[in-house]
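Q: I would like to go through this model with you, one region at a time. Could we begin with the sheet?

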Amino acid sequence: MTTILRTPKEWPAILLPRGAAKTVDAAADAVDLDAARERGAFAGLRRSLHDLGGTGTIATIASSGLRGRGGSGFPTGEKWRAAAGLPASQRYVVANGYGADPSSATDRALLERNPYAVLEGAVIAALTIDATEAIVAVRSDATAAIQALETALERMIAADLAGDDILGSGRAVEVSIRPIQGAYMLGEETVLLKALEGKRGQPEQRPPHPSERGLFGKPTVVQNVQTLAAVPWILANGPEAFAAIGSTTSPGTILVSVRAPSGSGVAEVPMGTTLREIVALAGPRAGAAELKALLVGGPSGGILPAELGDTAYEFDALRAVGAHVGSGAVVAADKRACMVDLARLLTRFCADEACGKTIPCRIGLRRVSEIGDRVATGLPKPTDVQLLADLSADIVGSALCDHERLATLPFASGMRYFRSELDEHILRSSCPAGVCRPIAVAAGAAH
């Protein structure tokens, strides 16, 4: 199972059980229905179903300030209200647990360690918007997560917590676990919906948003599994308690996948925790003095200098410095890493994973990757820096989806914070970190 990093005792545990860092019998504990109930599971479902109703549940979620944990940070209450307010013969809830980023294990850790929270949140969302079907999408190779979900769901149905007659109310929600396989683009919600429909995985123009026209053309609430897992806690403990955790604009906790020279794992942290504090969870050797840069947001994330380690890990603060929450990955790099090499590798990954629907992304992103290769191998052109900036602006300006909109961030943030290292490669054919070993081309060598 995914390694869970230990956090300070005073930090709240909303998404993962407090003892999740222990590995003994963790798989059995995760699907123990009685143990989950002792921890307060399904109290939120009872309150939503018997006390609040759909309108009250939406109002409670909205007042808590819960924002989507899938990267965009869109207010959850607004999304539910939009889906519930449209006339429709059918509605859907889709829990996105695909976890497309290879550098992040946040979704998988949650599904393995606390499947009941995700399933309860999905059932609550379905009842709230009057949907009769909820789908949990998960990677087909996440076998431990799939097993945990299927076992937990089977026990919930037997206890009337999902299925035909939820808590004796006469209301039904059919919940299914859908293992899917595909590319990195499945992390984007409209691409995920296409995959669930058995169609080619390419994004759709928005608006209309999935809350208006989603799965099979019906109103659909698509939420990251972390978002849904927070819902039962909010309903059971009150929106004020949730809003008091984390930052003012981004309340609650979030799972972060931390990778540093000293270690790696997943940690649940309050929103607003500094990047420096998050990296320190990976071990004592992850000190600020050793760090050179922080990659925040996954392959399409921003590369920040270690001096920005006091930046709060929350949606608005990260955007302000040229990064984003993204997949929940924070990767710490020391002085052995070359920022040019890192940026070109990330850009190449993003170019390889692009679906090819739009020309600026399909061709422009490939050209950005090729410029990075030229710079790293000591064969740059005098116009490459300006060309990087112009191409990036064109790609972002015509973006159809967040993948295209964010894929230029590695080079954009690299030029913003590590321009001297880029100039060293271009002007002197030298890599300060000794990684690229550019080829110096002597003047007059070409004929």
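A: Certainly. This is a predicted model. One open sheet in it has 4 strands in the order 3-2-1-4, and their pairing is parallel.

Q: Which strands are at the edges?

A: The edge strands are strand 3, residues 174-180, and strand 4, residues 220-224; each of them pairs on one side only.

Q: And how are neighbouring strands turned against each other?

A: On average, neighbouring strands of this sheet are turned by 20° against each other, with direction ignored.

Q: How many bridges join strand 2 to strand 3?

A: Strand 2, residues 133-139, is joined to strand 3 by 7 bridges, and the two run parallel. As one example of the register, Glu133 has Glu174 of strand 3 as its bridge partner.

Q: Which strands does helix 6 touch where it packs on the sheet?

A: Helix 6, residues 115-129, touches strand 1 (92-97), strand 2, strand 3 and strand 4. The direction of helix 6 makes about 155° with that of strand 1.

Q: What about helix 9?

A: Helix 9, residues 225-237, also packs on the sheet, where it touches strand 1 and strand 4. Its direction makes about 95° with that of strand 4.

Q: Let us move to helix 4. Which of its residues are buried?

A: In helix 4, which spans residues 76-84, the buried residues are Thr76, Gly77, Lys79, Trp80 and Ala83.

Q: Why do they fall on the same side of helix 4?

A: They cover an arc of only 160° around the axis, and therefore they lie on the same side of helix 4.

Q: What do those buried residues pack against?

A: The buried residues of helix 4 pack against helix 3 (43-64), helix 6, helix 8, strand 4 and helix 9.

Q: Now a helix pair. At what angle do helix 5 and helix 7 pack?

A: Helix 5 (residues 106-113) and helix 7 (residues 143-158) pack at an angle of about 40°, and their axes are 8 Å apart. The crossing of helix 5 past helix 7 is left-handed.

Q: Which residues make the contact?

A: Helix 5 contributes Arg108, Leu111 and Glu112, while helix 7 contributes Ala144, Ala145, Ala148 and Leu149. By class, this contact has 5 nonpolar residues, 2 charged residues and no polar ones.

Q: Changing topic: where are the cis peptide bonds at Pro207 and Pro208?

A: Both Pro207 and Pro208 are in the loop between helix 8 and strand 4. The cis bond between Arg206 and Pro207 has an omega of about 0°, and the one from Pro207 to Pro208, also cis, has omega near 5°.

Q: Which residue in that loop has a positive phi although it is not a glycine?

A: Phe216 lies in the loop between helix 8 and strand 4, and its phi is positive at about 55°. Elsewhere, Asp130, in the loop between helix 6 and strand 2, has a positive phi of about 65° and is likewise not a glycine.

Q: Next, strand 7. Why is it described as largely enclosed?

A: Because 6 of the 6 residues of strand 7 are buried, the strand is largely enclosed by the rest of the structure.

Q: Which strands does strand 7 pair with?

A: Strand 7 pairs in the antiparallel sense with strand 9, residues 329-334, over 5 bridges. The pairing of strand 7 with strand 8, residues 302-305, is antiparallel over 4 bridges. Leu295 has Val331 as its bridge partner in strand 9 and stands opposite Ile303 in strand 8.

Q: How many residues are between the strands in the hairpin of strand 7 and strand 8?

A: There are 5 residues between the strands, and Gly297 in this hairpin takes a positive phi near 115°.

Q: Finally, helix 18. Which of its residues are buried, and which are exposed on the face turned away?

A: Glu421, Leu422, His425 and Ile426 are the buried residues of helix 18, which spans residues 419-428. They cover an arc of only 130° around the axis, so they are on the same side of helix 18. The face turned away from that buried side carries the exposed residues Ser420, Leu427 and Arg428.

Q: What does the buried side meet, and what follows the helix?

A: The buried residues of helix 18 pack against strand 7 (291-296), helix 13 (339-353), helix 14 (359-376), helix 15 (384-397) and helix 17 (409-417). Helix 18 is followed by Ser429, which has a positive phi near 50°.

Definitions and conventions
Residues numbered from 1 in each chain as written. Predicted model: local features only at pLDDT ≥ 70, side-chain atom pairs only at ≥ 80, totals over all residues. Heavy atoms only, no water. Axes fitted to C-alpha atoms, helices over the stretch in contact; angles between N-to-C directions. Left-handed = near helix turned anticlockwise from the far one by under 90°. Contact = heavy atoms within 4.5 Å. Nonpolar A, V, L, I, M, F, W, Y, C, P; charged D, E, K, R; others polar. Pairing = 2+ DSSP bridges. Buried < 20%, exposed > 50% of the residue type's maximum accessible area, 1.4 Å probe, protein only. Arc of directions from axis to C-beta.
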